[in-house]
Amino acid sequence: MKKDLDADEAQKAADARKAEIVKAKSLNLSTLPDEDLLELIRQDNETAFRTLVDRHVDRGYAVAYRILRNASDAEDVVQDAFLQVWTRRAVWQAGRARFSTWLYRVISNRCIDLLRRPRIETMETLPELEDDRSDQMQSLARQEASDLLQEAMGKLPDQQRIALVFSYTENLSNGEIAEIMETSISAVEALLKRGRQKLRHLLRNTGGEILSTFTKY
């Protein structure tokens, strides 16, 4: 009987502490770390959820877009990821992984699912040319280089592409990438090495400027 009373008192104390967090910090949620926001989200705090989305949505979209190279699909992936945050808020376990790690993992896994489905490629509309021919040529050259690199990235195996995106565009360490991809650091190193070798092969006839990015590895 005493144990039951002690458990009840402990639960009441925990509930009171959570209520104090909501009352004291809800006016300035943007300063809270992700873990505190997630605790508030567990308590159905929609403002905390919007704060978390605002904090991570841009980088999440950038990662999805670089993997998929499709704006609409990237938006869908990020929306699905954050929908999981809200619908599964009651089962979130603090301390198991950083939120950003979990988010990148969900996004990359969903991207792989989309990459493996049959799809129809569409031609994108070319931008209008500017009057200044010098600026125009420089812009076209940069766009061409970017397009060549993106095209080459699109030919990499999914795991290699994802590892390179996290390494080059997000500047994550191999350890962080391994945690996101749920693999070992040595496996990430192998993915990056093979990915760079494949890119060198694909880009060797497209110009030295792009290729030089990968020759030092």
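Analyst: Let's start with a cut-off: a residue is called exposed when its relative accessible area is over 50%, buried when it is under 20%, and partly exposed in between. Keep in mind that the model we're looking at is predicted.

User: Okay, so why does Glu182 count as exposed?

Analyst: Glu182 has a relative accessibility of 59%. The bar for exposed is over 50%, so Glu182 clears it and gets the label. You'll find Glu182 in the loop between α8 and α9.

User: What makes the phi of Glu182 stand out?

Analyst: Its sign! Most residues other than glycine have a negative phi. Glu182 isn't a glycine, yet its phi is positive, near 55 degrees.

User: Which other residue has a positive phi although it is not a glycine?

Analyst: Asn171 does, at about 55 degrees. Look for Asn171 in the loop between α7 (158-169) and α8.

User: And how do you know whether Asn171 is buried or exposed?

Analyst: Same kind of check. The relative accessible area of Asn171 is 64%, and exposed means over 50%, so Asn171 is exposed.

User: What about His56: why is it called buried?

Analyst: His56 has a relative accessible area of 13%. Buried means under 20%, so the label fits His56. His56 belongs to helix α3 (residues 46-68). Leaving out residues up to four places away in sequence, His56 touches Asp34, Phe82, Phe99, Ser100 and Leu103.

User: Why does Arg110 count as partly exposed?

Analyst: Arg110 comes out at 34% relative accessibility. That is neither under 20% nor over 50%, so Arg110 falls in the partly exposed class. Arg110 is in helix α5. Setting aside neighbours within four places in sequence, Arg110 is in contact with Val77 and Asp80. There's also Ala81: 29 residues separate it from Arg110 in sequence, but from C-alpha to C-alpha they are 8.6 Å apart.

User: How do you know that α5 is largely enclosed by the rest of the structure?

Analyst: Count the buried residues: 13 of the 17 residues of α5 are buried, so the rest of the structure largely encloses this helix. For the protein chain of 217 residues, the buried share is 33%.

User: How does the span of helix α5 agree with what it should be?

Analyst: Helix α5 (residues 99-115) has 17 residues, and at 1.5 Å a residue it should span 24 Å. The expected span uses one less than the number of residues. The C-alpha atoms at the two ends are 24 Å apart, so the values agree.

User: Why are α8 and α9 called roughly perpendicular?

Analyst: Helix α8 (residues 174-181) and helix α9 (residues 185-203) pack at about 100 degrees, their axes being 8 Å apart. Roughly perpendicular covers 65 to 115 degrees, so α8 and α9 qualify.

User: Which residues meet where α8 packs on α9?

Analyst: From α8 there are Asn174, Gly175, Ile177, Ala178 and Met181, and from α9 there are Ile185, Val188, Glu189, Leu191 and Leu192. Sorted by type, the residues of this contact are seven nonpolar, two polar and one charged.

User: How many helices and strands does the protein chain have?

Analyst: It has 10 helices and zero strands. Read along the sequence, the pattern is α-α-α-α-α-α-α-α-α-α.

Key: Residues are numbered from 1 along each chain as its sequence is written. This is a predicted model: local features need pLDDT of at least 70, side-chain atom pairs count only at pLDDT 80 or more; totals for chains, interfaces and linings use all residues. Side-chain values use heavy atoms; hydrogens and water are left out. Helices (H or I, at least four residues) and strands (E, at least two) are DSSP runs, numbered from the N terminus. Buried means under 20% relative accessible area, exposed over 50%, partly exposed in between (1.4 Å probe, protein chains only). Axes are lines fitted to C-alpha atoms, for helices over the stretch in contact, and angles run from 0 to 180 degrees between N-to-C directions. Angles under 35 degrees count as roughly parallel, over 145 as roughly antiparallel, 65 to 115 as roughly perpendicular and the rest as oblique. Contact means heavy atoms within 4.5 Å. Ala, Val, Leu, Ile, Met, Phe, Trp, Tyr, Cys and Pro count as nonpolar, Asp, Glu, Lys and Arg as charged, and the others, Gly among them, as polar.
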